[in-house]
Amino acid sequence: MPSFAQRLFARTPMARSTRAYEFALTHLNLPPTPWVLDIGTGQGYGAAFLSRALPQARVVSIDVKMQCLHWDRLEVGPRRPYIVQASAPYMPFAWASMDAILAVMTFHCLPQPQRVLEEAARLLRPGGQLVIADVDGRHWIARPFEWVEHLFISPLTHAYTPEELETMLRRAGFSRVHFHKRPGKERGFLMWVIAQKEQA
Ligand SMILES: C[S@@+](CC[C@H](N)C(=O)[O-])C[C@H]1O[C@@H](n2cnc3c(N)ncnc32)[C@H](O)[C@@H]1O
């Protein structure tokens, strides 16, 4: 039985974000020393977690703004993540330079979402995978989530449905597209979309 402190910790953004990244990793097929791109660093917990969970990886994490990042408070792995200030529709990296790209609780607020997916397809090597972990647009919480975001955070926020995402992903050149919920949390509001770039 978890203690009160453990239950409280499990509700913090750090713990929730780490679990979302952790579940995403269970669906990735990565080479021994992968390049992994994290879109939307935010407070940096995801980038720090990736650098611990994948000690051989080069983790690159981008965000359009850096105000939330408190690097000194994060526990990172043996290779520090590279943090780059950039906007997702225009990512300053080379063609086929990434093995995996993750956007955890970020895709819903990105501008030019179709262009972001096309950028992700450009940056992934053939066979590379994109993970979008976000609010499921079919869940009852999706509309209240959008209202609150529009009022306080971003007018761009949209909680996508699996159908909307699949159409956009296929248009961007992704072949296999799979949707997942965490086992035991099938009715939860988070979904994970794993899309693979066509093999060469
Ligand atoms: C809710 S936070 C998610 C942070 C992190 N992925 C996590 O799960 O802890 C969403 C992040 O997306 C970033 N973001 C918004 N627009 C962006 C853009 N155009 N390019 C890159 N990042 C962007 C925001 O600044 C914010 O830090």
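This report describes the fold, strand pairing, buried core, ligand surroundings and selected loop residues of a predicted model.

## Overall architecture

The predicted chain contains 6 helices and 7 strands. In sequence order, these elements follow the pattern α-α-β-α-β-β-β-α-β-α-α-β-β. The radius of gyration is 16 Å, close to the 16 Å that the globule rule gives for 200 residues, so the chain is as compact as a globular protein of that length. The C-alpha trace spans about 50 × 40 × 35 Å along its principal axes.

Burial and contact order complete this overview. Of the 200 residues, 36% count as buried. Among contacts with a separation of 6 or more, 66% are made by residues 24 or more positions apart.

## Strands 1 and 2

Strand 1 (35–39) has 5 of its 5 residues buried, so this strand is largely enclosed by the rest of the structure. Its burial extends to both faces: Trp35, Leu37 and Ile39 are buried on one side, and Val36 and Asp38 on the other.

Strand 1 pairs with strand 2 in the parallel sense, over 5 bridges. Within this pairing, Trp35 has Arg58 of strand 2 as its bridge partner, while Asp38 is partnered by Ser61 of strand 2. Strand 2 (58–63) is itself largely enclosed by the rest of the structure, because 5 of its 6 residues are buried.

## Strands 4 and 5

A second parallel pairing joins strand 4 to strand 5 through 6 bridges. Here the bridge partner of Ile101 is Leu130 in strand 5. Strand 4 covers residues 98–104 and strand 5 covers residues 124–135. In strand 5, 9 of the 12 residues are buried, so the strand is largely enclosed by the rest of the structure.

## The nonpolar core

The largest nonpolar core has 49 residues, of which Ile101 and Leu102 touch the most other members. Ile101 is also the residue that bridges to Leu130 in strand 5.

Beyond its neighbours within four places in sequence, Leu102 is in contact with Tyr21, Ala24, Asp38, Ile39 and Val131. Two of these partners, Asp38 and Ile39, are buried residues on opposite sides of strand 1. Tyr21 and Ala24 fall in the range of helix 2 (residues 13–25), and Val131 falls in that of strand 5 (124–135).

## Helix 4 and its surroundings

Helix 4 comprises residues 113–123, and its buried residues are Pro113, Val116, Leu117, Glu119, Ala120, Ala121 and Leu123. The elements covering these buried positions include strand 1, strand 4, strand 5, helix 6 (162–171), strand 6 (174–180) and strand 7 (190–197).

The loop between strand 4 and helix 4 holds two residues with positive phi values. Met105 lies in this loop, and its phi is near 50 degrees, a positive value in a residue other than glycine. Met105 is partly exposed, with 18 other C-beta atoms within 10 Å. Gln112 is found in the loop between strand 4 and helix 4 as well; its phi is near 45 degrees, again positive in a residue other than glycine. Gln112 counts as partly exposed, with 14 C-beta neighbours inside 10 Å.

## The ligand shell

There are 20 residues around the ligand, and those that come nearest are Ser17, Gly40, Gly42, Val64 and Ala88. By residue class, the shell divides into 11 nonpolar, 7 polar and 2 charged residues.

Helix 3 (45–53) and strand 2 each supply at least two residues of this shell. Strand 2 therefore combines a contribution to the ligand shell with a largely enclosed position, 5 of its 6 residues being buried.

## Leu25 in helix 2

Leu25 belongs to helix 2, which covers residues 13–25. Leu25 counts as partly exposed, with 16 C-beta neighbours inside 10 Å. In sequence, Leu25 and Cys68 are 43 residues apart, and their C-alpha atoms are 24 Å apart in space.

Terms used:
Residues are numbered from 1 along each chain as its sequence is written. This is a predicted model: local features need pLDDT of at least 70, side-chain atom pairs count only at pLDDT 80 or more; totals for chains, interfaces and linings use all residues. Helices (H or I, at least four residues) and strands (E, at least two) are DSSP runs, numbered from the N terminus. The radius of gyration is taken over C-alpha atoms; the globule rule is 2.2 Å times the number of residues to the power 0.38. A residue is buried if 20 or more other C-beta atoms lie within 10 Å of its own, exposed if 12 or fewer, and partly exposed in between; C-beta atoms are placed from the backbone. Two residues are in contact if their C-beta atoms, placed from the backbone, lie within 7 Å. A residue is near a molecule or strand if its C-beta atom, placed from the backbone, lies within 6 Å of it. Ala, Val, Leu, Ile, Met, Phe, Trp, Tyr, Cys and Pro count as nonpolar, Asp, Glu, Lys and Arg as charged, and the others, Gly among them, as polar. A nonpolar core is a set of buried Ala, Val, Leu, Ile, Met, Phe, Trp, Tyr and Cys residues joined through C-beta atoms within 7 Å. Two strands pair if DSSP finds at least two bridges between them.
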